[in-house]
Amino acid sequence: MMKIITTPMCEDVLRISGLTEYQVVNPDEIKDADIAILLSETRSEIPKLSIKLNTFSQVYESVLKIQSRFNTEINQEEMEIIKNLIDENNEKKDNRKDTKVKVYSNFLKDIILDMGFTIDDDYDYMVVPDYLDIEENNEDCIVIPSHKNVSKSIVERVKNRYDLLERKLCMKQ
């Protein structure tokens, strides 16, 4: 039987994809497996299936990628929730394009672009991940949780980030 490993940050997507036989390891324990299902930025010495989980669309695509690779039965109820969140987000995009945002990280850049905000160095707001120590401590700086203090549920994790950005970035409009 094939030995599949993943990290806590990815586990929920495997569950939604219908994959049941896998082991969850910490990022520093990625070894001794046939394949690792990991975030695209995670390094691995063993073969890996790269997934991205920053946006609802990326979560959706990652579930399909895992399902296709391992021929699993997807949790259709959860996929419907993700589809609805993608549609909801898409409906709001036009209203956001006038808000200019400076972004400090690739995962946040994915989210900001997916939400329809404009990335610009001449910005209304600055968005930073919680692991960066940016000195600019003002109301225009929004700190987003990355790995610590986030939900294990991938849908909740993405939703919480979108909701936080929606609340903070749409205040001026």
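Modeller: Helices (H or I, at least four residues) and strands (E, at least two) are taken here as DSSP runs, numbered from the N terminus. The model is predicted, and local features need pLDDT of at least 70, side-chain atom pairs count only at pLDDT 80 or more, while totals for chains, interfaces and linings use all residues. Residues are numbered from 1 along each chain as its sequence is written, and side-chain values use heavy atoms, with hydrogens and water left out.

Biologist: How many helices and strands are in the chain, and which pattern do they follow along the sequence?

Modeller: The chain contains five helices and eight strands. Read along the sequence, these elements give the pattern β-α-β-β-β-α-α-β-α-β-β-β-α.

Biologist: What is the radius of gyration of the chain, and why does the chain count as being as compact as a globular protein of that length?

Modeller: The radius of gyration is taken over C-alpha atoms, and the globule rule is 2.2 Å times the number of residues to the power 0.38. For 173 residues the rule gives 16 Å, and the value for the chain is close to this, so the chain is as compact as a globular protein of that length. The C-alpha atoms fill a box of roughly 55 × 35 × 20 Å along the principal axes. The radius of gyration itself is 17 Å.

Biologist: What percentage of the residues in the chain is buried?

Modeller: A residue is buried under 20% relative accessible area, exposed over 50%, and partly exposed in between (1.4 Å probe, protein chains only). Of the 173 residues in the chain, the buried ones make up 43%.

Biologist: How much of the area that the chain exposes is supplied by carbon and sulfur atoms?

Modeller: Accessible areas come from the Shrake-Rupley method with a 1.4 Å probe, and for residues only the protein chains shown count as cover. The chain exposes about 9800 Å². Carbon and sulfur atoms supply 45%.

Biologist: How far apart are the centres of the positive and negative side chains?

Modeller: Lys and Arg count as positive and Asp and Glu as negative, whereas His and the chain ends are not counted. Each charge is placed at NZ of Lys, CZ of Arg, CG of Asp or CD of Glu. With 24 positive and 34 negative side chains, the separation of the two centres is 2 Å.

Biologist: How many salt bridges does a search of the whole structure find?

Modeller: Side chains of opposite charge can pair when their charged atoms come close. A salt bridge requires a side-chain nitrogen of Lys or Arg within 4 Å of a carboxyl oxygen of Asp or Glu. Under this criterion, the number found in the whole structure is eight.

Biologist: Which residue forms a salt bridge with Arg96?

Modeller: The closest N and O atoms of this pair are 2.3 Å apart. Arg96 lies in helix α3 (residues 76-96) and its partner in helix α5 (residues 154-169), so the salt bridge ties together parts that are 70 residues apart in sequence. Arg96 is buried at 3% relative accessible area, whereas the partner is partly exposed at 24%. That partner is Glu166.

Biologist: Which residue meets the side chain of Asp110 in a salt bridge?

Modeller: The N to O distance in this pair is 3.4 Å. Asp110 belongs to helix α4 (residues 106-115), and the partner, 58 residues apart from Asp110, is in the loop between β4 (48-51) and α2 (56-70). Asp110 is partly exposed at 21% relative accessibility, and the partner is partly exposed at 33%. The residue is Lys52.

Biologist: Where does Lys102, which meets Asp121 in a salt bridge, lie?

Modeller: The side chains of Asp121 and Lys102 are joined at 3.1 Å, N to O. Asp121, in the loop between β6 (118-119) and β7 (125-129), is 19 residues apart from Lys102. Asp121 is exposed at 61% relative accessibility. Lys102 lies in strand β5 (residues 100-103).

Biologist: What phi value does Asn71 have?

Modeller: Most residues other than glycine have a negative phi, and most peptide bonds are trans. Asn71 is in the loop between α2 and α3 and is exposed at 68% relative accessibility. Although Asn71 is not a glycine, its phi is positive, at about 50 degrees.

Biologist: Which residues does Asp34 contact beyond its neighbours within four places in sequence?

Modeller: Asp34 sits in the loop between β2 and β3 and is partly exposed at 40% relative accessibility. Contact means heavy atoms within 4.5 Å. Beyond those neighbours, Asp34 is in contact with Met1, Met2, Lys3 and Pro47.
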